[in-house]
Amino acid sequence: MGPLKGIKVVDMTTVLMGPYATQMLGDYGADVIKVESIDGDVTRLIGPTRHPGMGPVFLNTNRSKRSICLDLKKPAGREAVLRLLKDADVLVYNVRPQAMARLQLGYDVVSAINPRLVYAGVFGFGQDGPYAAKPAYDDLIQGATALPALMAQTGDGVPRYVPNALVDRIVGLTAVGAICASLVHRDRTGRGQRVDIPMFETMAGFVMGDHMGGLTYEPPLDKGGYARHLSRDRRPYKTSDGYLSVIVYNDKQWENFFKATGRDDLRADAKFATFAGRAANIDVVYAELARIFETRTTAEWIDLLTEADVPVMPMHDLASILHDEHLEATGFFPVVEHPTEGAIRSMKVTATWSETEADPVRLAPRLNEHGAEILREIGYSADEIAAMVRDGVTRSAPE
């Protein structure tokens with residue numbers, strides 16, 4: 001069922017940011033129709049595959065959707081999209097608004113056909129600034145919002161990107177919230193609206209929310225930055241046989257840590273005894289903890305700190321996280337049977353609801369798997385569909 005059951009979403013997004021958002025809407029129960037180019041979403045080609053066009057990035061970002069491919073540069077392809085939009089609740093796109101205007105699918109055109117539509121754009125920059133028409137990618141926005149500079153400051157001095165499509169996923173999550181809020185407004189007023197979710201501004205707020213620091217004030221009180229996050233010793237701790245993720249944060253946790261480790265000397269040290277003292281000497285604190293954690297094995301520390309109620313977690317790698325005892329117990333990585341790809345490891349919907357539980361019923365589709373089905377739903381006859389295939393507006397159904 002899902003809380004968004006009955007909501008129709010036309011998904012004109014590619015790569016990761018938009019598809020991640022629309023997958024979530026589909027997981028929550030919406031009917032998501034993924035409109036792909038004739039060649040399909042480029043992420044179909046990323047990573048190892050069992051069959052061409054069904055790579056793991058695509059599989060893990062496009063479940064809970066139906067696929068149709070259309071050439072939007074041809075009038076018949078654009079006409080098919082407009083028919084899809086007539087009774088849709090949401091359109092999501094991630095090209096620049098100028099590109100939508102060139103396709104004659106701008107908000108002015110689409111809202112005239114369907115005034116109730118939520119017209120959601122996820123793209124690089126707000127449209128009232130000088131960067132409005134610039135292209136944007138995850139790496140570019142990471143760099144422009146200081147993440148590589150922060151990585152350099154906390155590491156070896158070399159700027160690096162975070163090894164994750166952090167921007168795409170954060171902006172995708174932001175888009176889901178903005179779309180759901182717009183649907184609430186639509187249901188109250190009867191009117192849809194255009195909503196823009198820019199990558200640059202979203203990430204600037206995300207990063208600077210932590211690191212504005214003294215730059216919050218005018219004139220500034222310091223050069224900004226959250227000292228604890230920027231300590232070079234803020235990292236997983238090396239044990240005698242591995243690594244461990246630990247945070248001793250509030251006064252109660254520190255008191256428990258002092259007792260568990262017998263470090264009364266630290267309890268009496270002003271640098272460790274209070275929150276203010278630790279904050280002012282965070283590098284000293286982290287360095288001392290690093291020395292302490294090297295004295296026992298990972299397993300010994302997990303047992304000791306768990307008993308002392310000090311926050312601790314294993315430091316996983318990409319292989320070991322699949323066998324985490326909690327994730328195994330909650331069934332987070334179910335192995336499911338894909339109609340064409342065989343057994344694949346999926347991931348659960350993380351949110352749960354007491355009344356409208358969401359359980360995806362579709363795995364990632366083959367290119368144009370549902371094309372004829374979708375065209376029939378919006379009024380095309382078998383002969384018209386055959387003509388669209390013949391004219392290159394769409395493709396025939398995959399075997």
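Start by selecting V42, in the loop between β2 (31-36) and α2 (56-59); helices (H or I, at least four residues) and strands (E, at least two) are DSSP runs, numbered from the N terminus. This is a predicted model, where local features need pLDDT of at least 70, side-chain atom pairs count only at pLDDT 80 or more, and totals for chains, interfaces and linings use all residues. Residues are numbered from 1 along each chain as its sequence is written, and side-chain values use heavy atoms, without hydrogens and water.

V42 counts as partly exposed because its relative accessibility is 46%, between the limits for buried (under 20%) and exposed (over 50%), with a 1.4 Å probe and protein chains only.

Next, add V15 and L45: with V42 they form a nonpolar surface patch of about 280 Å² accessible area together. Patch residues have over 30% relative accessible area and no salt bridge (a side-chain nitrogen of Lys or Arg within 4 Å of a carboxyl oxygen of Asp or Glu), and nonpolar side chains are joined within 5 Å.

Keep V15 selected and add M12, T14, N94 and V95, the residues nearest the centre of the second largest pocket, which 36 residues line. Colour β2, α4 (97-102), β5 (118-123) and α6 (138-144), which each give two or more residues to this lining.

Now move to P56, N60, R169, F333 and M347, the closest to the centre of the largest pocket among its 42 lining residues. A pocket is an open set of points on a 1 Å grid where a 1.4 Å probe fits, with protein on both sides within 12 Å along at least five of seven lines; lining residues have an atom within 4 Å of a point. Finish on α1 (17-27), which gives the most to the lining of the largest pocket, with 4 residues.

Methods. Patches are made of residues with over 30% relative accessible area and no salt bridge: like charges are joined within 9 Å, nonpolar side chains (Val, Leu, Ile, Met, Phe, Trp, Tyr) within 5 Å. Accessible areas come from the Shrake-Rupley method with a 1.4 Å probe; for residues, only the protein chains shown count as cover.
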